[in-house]
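Hi everyone, thanks for coming. Let's take a few minutes to walk through a structure that may be new to you.

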Amino acid sequence: MGKLVHRVEPDLILQSYVVEVAKGVTLVTRQFLRNLFGRKDIVTVQYPEERKPYTPRFRGKHLLTKRDDGQVRCVACMLCATACPANCITIVAAEHRDADIEKYPTTFEIDLLKCIYCGFCEEACPCDAIRMDSGVHTLPTFTRRDQKAGKVNLLELAKRSTAAQGGDFRADNHAGALHGRGGHH
Ligand code: SF4
Ligand code: SF4
C-alpha cells in the first residue's frame, strides 16, 4: 500500500537556500580545520611519500629462493610452469654438476604482463623454490620487454629457503611412521 507524503511548501527562507548553504559551508569548514590540525583523523595516505605495508599474505613480485650455499634452489622440474594457468613461465633446464642435484634452470623467465598473480606456481613447487612473499608490487614499465622477470631479476629479491630439501620427510620420521609413531593411518 502506498504512503502519502505531504510536501513541505517552501517558504522564502527555504527558497533562498541561505540557511542550507551556511550549513554546508560550516560542515566543510569544520572538517577542513579538523584535517588541518588533527592529522590523525585523515585516512588518506600521502603516496608515494607514505606507503602502507602490505599484509604478509600479499602476493607480490615473484622471487626464487637460494640454498644455504647461495645456489638457486629451483631444480627445474617444470611443475610451476605446468600449473600456471596463464602459461607465462619459461624454464630451460640443464644438468647440474653436483650429482645430488639433478637439474637447475639456465633460464627462468616470468612474463609479468601475462601473470594473473594467482599463486599456483608457489603452491605447485615441491621445494620452496619460488615464492610471492617479496612484499614488492610489480611496477609499470615503458616497454613490454621490461615486464619479463628473468632468473637474475628473480634472484635479486631472493631469500634463503627455510624448507628442508625434499620437504619435511626424514628417515627417522619414516621409521616412526612405520612403527605407528606420528604416522597417518
Ligand atoms: S602467479 Fe599464477 S599466473 Fe603468475 S606465474 Fe604464478 S602460476 Fe602463473
Ligand atoms: S620453481 Fe619449483 S616448481 Fe618451478 S621448476 Fe623450480 S623447483 Fe620446479
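Which residues are the closest around ligand 2? Before I answer, please keep in mind that this is a predicted model. Now, the closest are Cys-74, Cys-77, Cys-80, Cys-125 and Ala-129, out of 13 residues that surround ligand 2. That shell divides into 13 nonpolar residues, with no polar and no charged ones.

Let's move over to ligand 1. Here 14 residues surround the ligand, and the closest are Cys-84, Cys-115, Cys-118, Phe-120 and Cys-121. In this shell we have 13 nonpolar residues and one polar, and again no charged ones.

Next, the core. The largest nonpolar core has 15 residues, and Leu-64, Cys-74 and Ile-130 touch the most other members. Two strands, β1 (63–64) and β3 (103–111), each supply at least two residues of this core. You'll remember Cys-74 from a moment ago, as one of the closest residues to ligand 2.

Ile-130 deserves a second look. Leaving out residues up to four places away in sequence, Ile-130 touches His-62, Leu-64, Cys-74, Cys-80, Cys-121, Glu-122 and Cys-125. Among these, Cys-121 is also in the list of closest residues for ligand 1, while Cys-80 and Cys-125 are in the list for ligand 2.

Finally, the sheet. It is an open one of three strands, in the order β2-β3-β5, with antiparallel pairing. β2 (89–95) and β5 (148–149) stand at the edges with a single partner strand each, so one side of each has no neighbour in the sheet. The antiparallel pairing of β3 with β5 runs over two bridges, and Ile-110 stands opposite Ala-149 in β5.

Key
Residues are numbered from 1 along each chain as its sequence is written. Chains are lettered from A and ligands numbered from 1 in the order in which they are written. This is a predicted model: local features need pLDDT of at least 70, side-chain atom pairs count only at pLDDT 80 or more; totals for chains, interfaces and linings use all residues. A residue is near a molecule or strand if its C-beta atom, placed from the backbone, lies within 6 Å of it. Ala, Val, Leu, Ile, Met, Phe, Trp, Tyr, Cys and Pro count as nonpolar, Asp, Glu, Lys and Arg as charged, and the others, Gly among them, as polar. A nonpolar core is a set of buried Ala, Val, Leu, Ile, Met, Phe, Trp, Tyr and Cys residues joined through C-beta atoms within 7 Å. A residue is buried if 20 or more other C-beta atoms lie within 10 Å of its own, exposed if 12 or fewer, and partly exposed in between; C-beta atoms are placed from the backbone. Helices (H or I, at least four residues) and strands (E, at least two) are DSSP runs, numbered from the N terminus. Two residues are in contact if their C-beta atoms, placed from the backbone, lie within 7 Å. Two strands pair if DSSP finds at least two bridges between them.
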